[in-house]
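Got your viewer open? Load the model, keep the selection box handy, and we'll walk through it together.

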Amino acid sequence: MTIARSLSRRLAVLLALCLAGMFVAGCASLPESSAPQALGTINRVPTSVGPPPPTPGRDPDLLLSDFLIASADPAEHHAAARQYMAPDTAANWDDEASAMIVDRPDTLRESRSGDHATYVIRARKVGDLALDGAYHASEGTLENKIEMRRVNGEWRITELPPGVVMEASAFNKSYHRSVLYYVDPATSVLVPDPRWLSVPRSRLTDRLIEVLQHGPQAAIAPVVRNPIGGPVTLHSPITKANNEPGDVGIGIGGVRVDLAGVSPNQHDRELLAAQIVTTLASSDVLGPYILLADGKPLDDRFPNGWAITDVEQFTAPAPGQGRAGLHAVRNGALVNVTPEGPIAPAGSFGEANNLVSAGISGDGQSVAAVADTGRPAPEPRRTLLLGSYGGKAFPVAEGASITTPSWTADGSSAWVVIDGERVTRAVIDRATGNVSTQDVDTTPMFSAPAAPRGPLGQLTVSRTGVRAAVIADGKVYVAVIERRPDGKFALTSPTPVALGLSTRAVSVSWVTGDTLMVAREGTVDPVFTVSIDGSLMTPLTSQNLTPPVRAVASTPSAQYVADSRAVLQLQTADPTRNDRYWREVPGLTGEQVVPVLPG
């Protein structure tokens with residue numbers, strides 16, 4: 001199965017050790033264990049190895065199966081697939097009308113008489129891809145009627161619906177998942193934008209830069225900035241670092257990108273470099289990255305090229321880099337998990353006995369927690385508390401239910417869902433210590449074409465600050481966080497991921513900027529990972545778990561779950577064998593204990 005690219009080689013090593021096999025096919029009980037779910041027509045560049053022409057004398061049903069495989073090659077407007085059509089049909093087929101990938105297609109004969117035949121292709125839908133390469137998970141059943149006749153003694157397609165339909169395993173051989181990066185204008189943090197490309201390795205660098213220039217996909221376009229867009233163009237062709245053409249991005253030759261129309265502003269140039277370097281590095285296009293503006297170094301500090309370490313300040317901060325590491329809510333109190341065992345911090349949160357969940361800001365300075373009020377219905381059963389780590393907690397909101405707090409990366413606000421429908425930000429003023437609450441507008445999310453249905457079970461803000469993972473009615477969505485001119489926020493453009501689950505999702509956490517970790521009800525594959533476009537979904541090991549799994553908490557380097565008896569951490573005994581298992585965290589035993597990670 002296609003491997004999801006990491007942000008940098010350093011991060012790739014961490015993911016390889018901690019999430020080895022994360023995107024490898026798993027048990028058949030989950031629909032996500034099938035081939036990667038993506039397709040597209042964005043690339044018209046020949047793939048390295050195209051499918052063969054139609055087999056002479058092929059029966060029509062087998063020819064249709066071959067046609068679905070050939071359709072996975074988008075080169076020259078799907079020239080390989082057009083070979084299976086009569087000449088007039090091939091000339092008029094609209095391959096850009098739509099693009100769909102399907103699993104387990106069946107070819108059913110409706111009629112056959114002499115030199116004419118009618119077939120129906122029936123298959124399970126798993127995804128669509130827009131012309132910009134953006135993938136969208138889908139579900140349902142495809143039924144396409146295909147008319148065929150003999151042409152010069154060979155069966156050929158004479159009538160078919162517009163658009164491309166590809167078989168999943170064929171896509172897996174033709175397409176490659178890349179992650180592009182754009183910029184959150186409020187924080188200058190890079191925001192991932194996954195795409196699917198079908199391009200030879202020697203053309204990958206050019207294609208990545210080309211797609212970057214075209215801009216972000218529609219869902220996030222209103223909330224991100226594109227440093228390489230607008231007036232910026234290529235001043236000269238992309239070459240190796242030593243200015244040699246050909247095989248750019250293959251091996252250790254580096255990359256030379258000369259641009260025109262670049263802003264003279266130093267910060268803008270740094271963002272441009274971060275966007276290019278991180279995008280290329282995440283697709284294993286190795287440096288050094290020689291970046292020029294009109295033939296001169298983009299930045300005089302890097303005349304010999306940029307490295308991924310030179311732009312790391314623009315990546316989302318990794319949780320736990322401050323003083324806060326793994327914590328937990330145990331026996332109603334917040335505890336810090338140290339090598340000597342769990343220790344309750346000073347202050348209200350460590351002294352409490354009625355906490356049910358908590359969140360710690362990424363810098364470890366602030367805590368938001370949900371407490372049980374102990375009041376009988378119809379009085380509010382939950383209270384949201386805010387305060388400094390080791391200090392006093394103050395109540396800021398109440399409700400019949402309040403979800404686990406999720407902090408923004410800058411530690412300025414904690415997000416919760418109250419009573420399953422109202423999304424609220426608890427904002428803390430670090431200068432004065434004052435706390436205020438502000439409702440988030442969810443109308444755009446609930447009125448969108450792919451709108452979730454309530455109630456909302458959990459909301460977790462991405463570390464990039466641009467997206468939020470939402471569980472609604474037991475299903476998983478990724479929504480876009482829009483910051484409005486008046487300072488208020490809205491949730492927009494919900495995208496369903498993890499489609500086809502047989503049980504309800506109960507907890508979600510961000511692993512990386514483009515990957516989620518999810519727990520669901522049941523005993524079969526209760527924990528899995530899924531990419532934010534829904535294209536890669538993989539069960540994690542269940543070894544040593546005792547379902548039900550109640551909560552998950554994750555970072556790129558560590559993943560935790562709370563099952564029916566304890567908090568456990570994902571272990572990798574032998575990365576070369578994907579020999580993974582869950583191991584209990586000492587001191588975190590109990591059916592109510594839950595893990596808490598900063599951020």
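Start by selecting residues 266-282, which form helix α7 (helices here are DSSP runs of H or I with at least four residues, strands are E runs with at least two, and both are numbered from the N terminus). At 1.5 Å a residue, its 17 residues should span 24 Å, and the end C-alpha atoms are indeed 24 Å apart; the expected span is 1.5 Å times one less than the number of residues. A quick note: this is a predicted model, where local features need pLDDT of at least 70, side-chain atom pairs need 80 or more, and totals for chains, interfaces and linings use all residues. Residues are numbered from 1 along each chain as its sequence is written, and side-chain values use heavy atoms, leaving out hydrogens and water.

Now show the surroundings: 14 of the 17 residues of α7 are buried, so the helix is largely enclosed by the rest of the structure (buried is under 20% relative accessible area, exposed over 50%, partly exposed in between, with a 1.4 Å probe and protein chains only). Just past α7, click D284, whose phi is positive, near 60 degrees.

Next, pick the open sheet of four strands, ordered β9-β10-β11-β12 with mixed pairing (strands pair if DSSP finds at least two bridges between them). At its edges sit β9 (233-234) and β12 (296-297), each pairing on one side only. Which strands of this sheet does α7 touch? The helix packs against β10, β11 and β12, where contact means heavy atoms within 4.5 Å.

Last stop: T442, in the loop between β23 (435-439) and α9 (443-446). T442 counts as buried because its relative accessibility is 12%.

How values were computed: Axes fitted to C-alpha atoms, helices over the stretch in contact; angles between N-to-C directions.
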